[in-house]
Each structure stands twice: as C-alpha cells, then as structure tokens.
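Here are some short exercises to work through with the model open beside you. Try each task before reading its solution.

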Amino acid sequence: MRGRVRLLVAALAVSVVLVVFTLQALSPPRTREHVVVIQPGALVPPENWDGRLVFADRYFSPSNLTVRVGDVVTWVNRDSVTHTVTDTSDRKAFDQVLSPGQRFSYQFNRRGVYVYYCVVHPWKGGEVVVE
C-alpha cells in the first residue's frame, strides 16, 4: 500500500511540474521598456549642419535602438526646452510634444524601422528597429 501511495505522490509531483513548465512556455513574452533620454543641450545644432538628420547620442540617447514586437519605448525630456518625438514615415505612428521633464511612451506592435526626429530642432534624429 505504501508503495502505491509513494508512486501516486511522485506521479502527482511530476504532473504539477509539467503543468507549470507548460504554462510558462505558453505565456506571452514579457513586454520590456526601453528609455530614450532627450539630453540637456539638445537644442544646439551640430557645426556645418547640412539639413539631414543627425543620429547622435547627444540628442536622443540612445539614438539607435533595437526592440522586440510588443516592447515599449519611453522618451524622457531632460532638456530645458520643449522637443517633439515625431515619426517620419507616412504612417505617423507617433507625434508627441514633450515639455521639460515630460515623458511619452509608445508600444511597438509591428516590425519595421521607425525613424523619428524633433520638429522644433530638425537635425535631431533617432531610430527604433522592431524585430
């Protein structure tokens, strides 16, 4: 009798472990948040600016970011002036004005390359690659 009880307990324990692992495998991946900081002094254009976007961490940091579908990117304005985070594509996925100290979050639900800039300071560029 004791042998059967032990066998039953062992089978139950294995079943519980299998259920837990199966539930973990089936659950959707966790959403990750990434932070992009608009740096202090980002209102100063680069020397000899030629009209093209400048992807530099001195403006948006990081200026190039790779994320997964479903991840969230939050832009934080740490500068003393207002900036925008504006998608350059025709889809205009986002276009947000950020006063000093404000933040804006966007969840990327589609693969692709999202190039953005600041309308007020049009040399400042950034890019989010969604894989």
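**Exercise 1.** In this predicted model, decide whether His83 is buried or exposed, and find the side chains that make polar contacts with the side chain of His83.

*Solution.*
- Start with accessibility: the relative accessible area of His83 is 0%. Buried means under 20%, so His83 is buried.
- Next, place the residue: His83 belongs to strand E5, residues 83-87.
- Now look for polar partners. The side chain of Asp79 is 2.8 Å away, and the side chain of Lys124 makes a polar contact at 2.9 Å.
- Finally, look at the surroundings: leaving out residues up to four places away in sequence, His83 touches several residues, including Ile38, Leu43, Val97, Cys118 and His121.

**Exercise 2.** Find the residue that forms a salt bridge with Arg32, and work out how exposed each partner is.

*Solution.*
- The partner is Asp71, with the closest N and O atoms 3.4 Å apart.
- This pair links distant parts of the chain, 39 residues apart: Arg32 sits in the loop between helix H1 and strand E1, and Asp71 in the loop between strand E3 and strand E4.
- Arg32 has 37% relative accessibility, so it counts as partly exposed. Asp71, at 1%, counts as buried.

**Exercise 3.** How many salt bridges does the structure hold? Describe the pair formed by Asp87 and Arg91.

*Solution.*
- The structure holds 3 salt bridges.
- The side chains of Asp87 and Arg91 meet at 3.7 Å, N to O.
- Asp87 is buried at 0%, while Arg91 is partly exposed at 45%.

Note on methods:
Residues are numbered from 1 along each chain as its sequence is written. This is a predicted model: local features need pLDDT of at least 70, side-chain atom pairs count only at pLDDT 80 or more; totals for chains, interfaces and linings use all residues. Side-chain values use heavy atoms; hydrogens and water are left out. Helices (H or I, at least four residues) and strands (E, at least two) are DSSP runs, numbered from the N terminus. Buried means under 20% relative accessible area, exposed over 50%, partly exposed in between (1.4 Å probe, protein chains only). A polar contact is a pair of N or O atoms within 3.5 Å; within protein, one must be able to donate a hydrogen and the other to accept it, and residues adjacent in sequence count only if both atoms are side-chain atoms. Contact means heavy atoms within 4.5 Å. A salt bridge is a side-chain nitrogen of Lys or Arg within 4 Å of a carboxyl oxygen of Asp or Glu.
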